[in-house]
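Me: I want to go through this model and ask what stands behind each label. Please keep the replies short.

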Amino acid sequence: MITILWADDEIDLLKPQIMYLEKKGYNLISVTNGQDAIETCKENQVDVVFLDESMPGLSGLETLTKIKEIDNHLPVVMITKNEEENLMEEAIGSQITDYLIKPVKPQQILSTLKKITDSRVLVSEKTTSAYQQEFQKLFASLQSVNSAEEWSQLYRKLAYWELELEKSDTKEMHEVFLMQKREANKEFCKFVTRNYESWMQGDEDAPLLSQNLMMEKVFPHIKGEEPVFMVLIDNLRFDQWKTLQPLILESFRLEEESSYYSILPTATQYSRNSIFSGLTPLDIEKHFGDYWKNDDEEGGKNLHEKEMLSSLLDRTFRDEIKHSYIKITNHKNAKNLEDNILNYIHNKLTVIVYNFVDMLSHARTEMEVLKELARDEAAYRSLTYSWFHHSPLHNALKQISEKNVKVIITTDHGSIRVGSPSKCIGDRKTTSNIRYKNGKNLNFEPKDVYEVKDPHKICLPKPNVSSSYIFAKDDTYLVYPNNYNHYVNYFNDTFQHGGISLEEMIIPVITLSSK
């Protein structure tokens with residue numbers, strides 16, 4: 001039963017309202033002054049306080065301050081005859097939950113109580129009911145979706161419901177949703193396996209892929225008057241973007257929210273090099289042989305993005321495009337960006353690559369404390385939000401939002417929380433990534449992977465004549481039989497990328513403008 005404390009020096013005049021609430025099942029404690037209200041809060045379990053603003057002795061605002069010292073989270077509704085703006089501002093600044101103007105009607109009070117005490121339950125029930133209605137539609141869509149664009153739309157719906165169900169905190173319905181998302185991923189993997197080779201060969205039904213991102217989503221804006229800032233946050237999933245969206249839209253106007261498909265492997269050295277070169281990995285190897293390194297070769301795999309971007313701009317535009325390429329890999333770099341962001345306002349194009357989310361994903365795999373902090377998708381999103389909210393990147397974006405600019409926020413690939421180990425055997429040169437393997441004489445469970453015997457057919461280099469690729473499907477991760485249990489315990493439930501899943505391949509590309 002919910003207990004209400006009602007403090008008013010004219011409490012006898014409120015008996016009809018009190019009786020009405022008691023009939024509705026609420027427990028009422030009534031007092032006639034602020035001091036008694038404070039003592040009652042100390043000695044009793046109170047759920048809501050109705051507080052008269054004008055009482056003899058301690059005023060309503062003074063009493064409110066004392067009550068908040070006892071329990072800062074206790075909902076307090078101020079009841080007043082006075083509608084003066086400065087009084088309301090002071091009360092709201094003192095953290096009242098709501099206020100009512102005398103004379104108050106029983107229905108007004110009941111409505112306020114419902115809003116305070118039942119809002120979470122009502123939201124949960126409404127969300128659950130809405131998802132139950134949508135469930136069958138989503139299930140039917142899984143049977144009929146047959147294009148890359150339809151898959152993008154379906155995944156965005158799934159991301160929406162994941163966030164909505166997270167707010168409702170309904171465990172049973174969330175488990176139903178996870179089952180549906182797993183089913184969607186299984187069907188998506190079949191779709192990609194059937195179509196990926198033709199996409200990479202130039203099929204007209206292919207979605208927007210990594211190598212065409214700059215040409216389709218960034219370069220058209222360079223022809224406009226506003227300077228263009230492209231922010232690539234490495235390893236940003238669509239649901240993480242939706243979590244950051246409210247913060248970003250405080251400063252910018254949303255022009256377009258869309259998505260594109262990361263190429264395979266969904267790993268930085270492939271997808272990001274393709275983005276900034278405008279080429280497939282196979283063509284990068286052909287045209288920029290000194291820049292490309294295969295998985296089994298020593299040295300950094302993403303050291304020449306700046307040069308490849310300059311080459312792409314030269315090939316695309318007749319006139320020289322003033323541009324900058326900035327890679328952020330540590331806090332010092334980030335602070336330097338924040339301090340100097342306005343210096344780039346005279347560029348036509350400024351590209352900022354920010355590596356935090358990818359580092360968070362890898363650190364979570366290796367550090368027990370981060371495994372606890374980012375134990376599931378909801379916690380992973382929360383950490384991403386907290387980082388961005390307090391980050392130099394957020395501060396830098398707020399600075400340029402005051403200028404007339406165009407901002408494109410995107411990523412190179414996403415990640416998936418893995419949970420299904422699959423045994424795989426390869427020679428000593430086989431790559432170590434647990435979502436894809438590149439090597440000779442690979443031995444694996446065929447049902448768990450998409451095998452490509454001739455990498456050239458999907459525009460990937462061949463480190464050796466007999467090299468092949470396998471890509472893990474859904475939430476599978478590839479583990480060698482040696483020390484199998486050790487690696488299963490180490491990698492299970494971690495966020496990984498490189499394979500085929502909705503979360504890794506269908507990723508956000510967002511266009512923003514200044515307000």
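Me: Which residue follows α11, and what is the sign of its phi?

Reply: Gly 278 follows α11, and its phi is positive, near 70°. A caution on sources: this is a predicted model, where local features need pLDDT of at least 70, side-chain atom pairs count only at pLDDT 80 or more, and totals for chains, interfaces and linings use all residues. Residues are numbered from 1 along each chain as its sequence is written, and side-chain values use heavy atoms, with hydrogens and water left out.

Me: What makes α11 a mostly covered helix?

Reply: Helix α11 spans residues 268-277, and 10 of its 10 residues are buried. Buried means under 20% relative accessible area, exposed means over 50%, and partly exposed is in between (1.4 Å probe, protein chains only). Among the buried residues are Tyr 270, Arg 272 and Phe 276. Helices here are DSSP runs (H or I, at least four residues), strands are E runs of at least two, and both are numbered from the N terminus.

Me: Why is α2 called roughly parallel to α3?

Reply: Helix α2 (residues 34-43) and helix α3 (residues 60-70) pack at about 10°, with their axes 9 Å apart. Angles under 35 degrees count as roughly parallel, over 145 as roughly antiparallel, 65 to 115 as roughly perpendicular, and the rest as oblique. So α2 is roughly parallel to α3. Axes are lines fitted to C-alpha atoms, for helices over the stretch in contact, and angles run from 0 to 180 degrees between N-to-C directions.

Me: Why is the pair Asp 474 and Lys 186 called a salt bridge?

Reply: A salt bridge needs a side-chain nitrogen of Lys or Arg within 4 Å of a carboxyl oxygen of Asp or Glu. The side chains of Asp 474 and Lys 186 meet at 3.5 Å, N to O, so the pair fits the definition. Asp 474 lies in the loop between β16 and β17 and Lys 186 in helix α8, so the pair ties together parts 288 residues apart in sequence.

Me: Are these two buried or partly exposed?

Reply: Asp 474 has 10% relative accessibility and counts as buried. Lys 186, at 41%, is partly exposed.

Me: What does Asp 239 pair with?

Reply: Arg 237 meets Asp 239 in a salt bridge at 2.9 Å, N to O. Asp 239 also bridges to Arg 381, with the closest N and O atoms 2.7 Å apart. Asp 239 is in α10 and Arg 381 in α17, so this pair ties together parts 142 residues apart in sequence.

Me: How do you know that Arg 381 is buried?

Reply: Arg 381 has a relative accessible area of 2%, so it falls under the 20% limit.
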